[in-house]
Amino acid sequence: MVVREIVSGIDAVGVIDWHRVSFDDLMDLPEGTTYNAYIVRGSEKTALIDTVELGFEEEYITNLIRAKVDSVDYIVANHAEQDHSGALPMLLELFPTAKVITTEKGKELLLLLLLVDEDRIQVVKDRDSLSLGDKTMVFYSMPWVHWPETMVTWVPEDRVLFSCDLFGSHLAASPLFSDNSCRLQQEGKRYYASIMQPFRSKVREYIDIVESLSPAIIAPSHGPVHNNPAWILSQYREWSAEEGKNLVVIPFVSMHDSTRMMVQCLVDALIERGIEVRPYDLGIASTSMIAMDLLDATTIVVGTPTVLFGPHPKAAHIAFLANLLKPKARYLSVIGSFAWGGKTVQALADMMPKLTAEIIEPVYVKGKPGEQEFAAVRKLADEIYKRHQDNNLV
Ligand code: FEO
């Protein structure tokens, strides 16, 4: 990684992690990621904005040497998660007079997760500011993008917003600035779906605040820097809206093809009714692709056989994930097959208490589906169609 100027006095000094394939062992990263960090040099003082993941300290410090940084007054920790704070203990050793700037909750987490010396931390509140001389840092508390302590840092003189996870993307790319490409759109959406989706009402609030600042540049902590903020702001408006699209997502698993046959019947029936549909075979599907479609889906139908007495574990996993992500879907159903009993449908519904979706009568059949069962699946498609029609989606 090299040091690159964003505007005069502000450089990017973070690192690219080209080969990372998963985050938190939860989200697959097909395009790697970056840990962005920045240096802001005022006429009197110098601040670092965020650090990098543990294991990348050497590259980060090399960048600081290349940028000829010989003293640091402040290290701003917009977010305590270790991909941004991992190198903080080493930085504090390297710059023994530097203060860590964070929120009250950020302090609590830095003490807990990184054992940072309490005396080194200076807490800021919403809209507090610190002068660096001819540049100022203003801190906006924005909890839940992505943890409860998150904040963003605004430099008004240059209209640069350091937004940490907000507006980020797991995209390892050599260009510093966003090209607003399909690739970036895909990775920004994947990131939003996996990280921000549960907090969309907060995100909408924060978009309003960010728009009121009219930033020239949004510099997130992952992926390209946005020098055309209107593009990413409009993407966020769309992703965080409460209204879904004319889309049914069908995550399914099938052991002996009975559930698969029902899914295929439902897919065909929905297509015939003019409804977009995305079936995901949970044996091979990317979790983050499902998360992205949950951003748009008005209806979710889980397909699962009964394993012993409940849903297949892969279906249980996706139900649990949906409960965490709290997608905007308004309708939910289950299809599948069982051989000797169990309480699969109820068990799945119990795994998603945070979804406020209406349950459409499941189609859960004994054994291999025949004409009567396929007719029930087509009736489910009719019920979905009616509801999409009620929402002016078809
Ligand atoms: Fe990129 Fe929530 O850390």
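# Exercises on a predicted model

The structure, a predicted model, holds eight aromatic pairs.

**Exercise 1. Describe the aromatic pair of Phe338 and Tyr364, and state why the pair ties together separate parts of the sequence.**

Solution. Begin with the geometry: the rings of Phe338 and Tyr364 lie 5.8 Å apart, centre to centre, with 5 degrees between their planes. Since planes under 30 degrees apart count as stacked, the pair is classed as stacked. Next, place the two residues in the secondary structure: Phe338 belongs to strand 22 (residues 331-338) and Tyr364 to strand 24 (residues 363-366), so the pair ties together parts that are 26 residues apart in sequence. Finally, aromatic residues can also be grouped into clusters, and one aromatic cluster is formed by Phe167, Tyr192, Tyr236 and Trp239.

**Exercise 2. Characterise how helix 8 (residues 258-272) packs against helix 12 (residues 371-390).**

Solution. Two packed helices are described by the angle between their axes and the distance between the axes. For helix 8 and helix 12, the axes come within 9 Å and cross at roughly 40 degrees. That angle makes helix 8 oblique to helix 12, and the crossing of the two helices is right-handed. The next step is to list the residues: helix 8 contributes Met261, Met262, Cys265, Leu266, Ala269 and Leu270 to the contact, while helix 12 contributes Phe374, Val377, Arg378, Leu380, Ala381 and Ile384. Sorted by class, the residues of this contact comprise eleven nonpolar, no polar and one charged.

**Exercise 3. Carry out the analysis for helix 5 (residues 182-196) and helix 9 (residues 287-294).**

Solution. The axes of helix 5 and helix 9 are 8 Å apart, and the helices pack at an angle of about 85 degrees. Because angles of 65 to 115 degrees count as roughly perpendicular, helix 5 and helix 9 are roughly perpendicular to each other. On the helix 5 side, the contact involves Gln186, Lys189, Arg190, Ala193 and Ser194, which meet Ser288, Met289, Ala291 and Met292 of helix 9. Divided by class, the contact of helix 5 with helix 9 contains four nonpolar, three polar and two charged residues.

**Exercise 4. Trace the open sheet of seven strands, explain why its edge strands have a side without a neighbour, and follow the pairing from strand 1 to strand 7.**

Solution. The strand order of this open sheet is 1-2-7-8-9-10-11, and its pairing is mixed. Strand 1 (4-7) and strand 11 (121-123) stand at the edges with a single partner strand each, so one side of each has no neighbour in the sheet. Neighbouring strands of the sheet are turned against each other by 25 degrees on average, direction ignored. Following the pairing inward, strand 1 and strand 2 run antiparallel and are joined by three bridges, with Ala12 of strand 2 as the bridge partner of Arg4. The hairpin of these two strands has two residues between the strands, and in this hairpin Gly9 adopts a positive phi near 90 degrees. Strand 2 (residues 10-12) in turn runs antiparallel to strand 7 (residues 38-41), to which three bridges join it, and here Ile10 has Val40 as its bridge partner.

**Exercise 5. Identify the edge strands of the open sheet of five strands and examine the pairing of strand 12.**

Solution. This sheet has the order 12-13-14-15-16 with mixed pairing. Strand 12 (129-131) and strand 16 (217-220) are the edge strands, each pairing on one side only, and the twist averages 20 degrees from one strand to the next. Strand 12 pairs with strand 13 (residues 136-141) in the antiparallel sense over three bridges, and the bridge partner of Ser131 in strand 13 is Thr136.

Definitions and conventions. Residues are numbered from 1 along each chain as its sequence is written. This is a predicted model: local features need pLDDT of at least 70, side-chain atom pairs count only at pLDDT 80 or more; totals for chains, interfaces and linings use all residues. Side-chain values use heavy atoms; hydrogens and water are left out. Axes are lines fitted to C-alpha atoms, for helices over the stretch in contact, and angles run from 0 to 180 degrees between N-to-C directions. Helices (H or I, at least four residues) and strands (E, at least two) are DSSP runs, numbered from the N terminus. Angles under 35 degrees count as roughly parallel, over 145 as roughly antiparallel, 65 to 115 as roughly perpendicular and the rest as oblique. A crossing is left-handed if the near helix is turned anticlockwise from the far one by less than a right angle, and right-handed if clockwise. Contact means heavy atoms within 4.5 Å. Ala, Val, Leu, Ile, Met, Phe, Trp, Tyr, Cys and Pro count as nonpolar, Asp, Glu, Lys and Arg as charged, and the others, Gly among them, as polar. Two strands pair if DSSP finds at least two bridges between them. Rings of Phe, Tyr and Trp (its six-membered ring) pair if their centres lie within 6.5 Å; planes under 30 degrees apart count as stacked, over 60 as edge-to-face and the rest as tilted.
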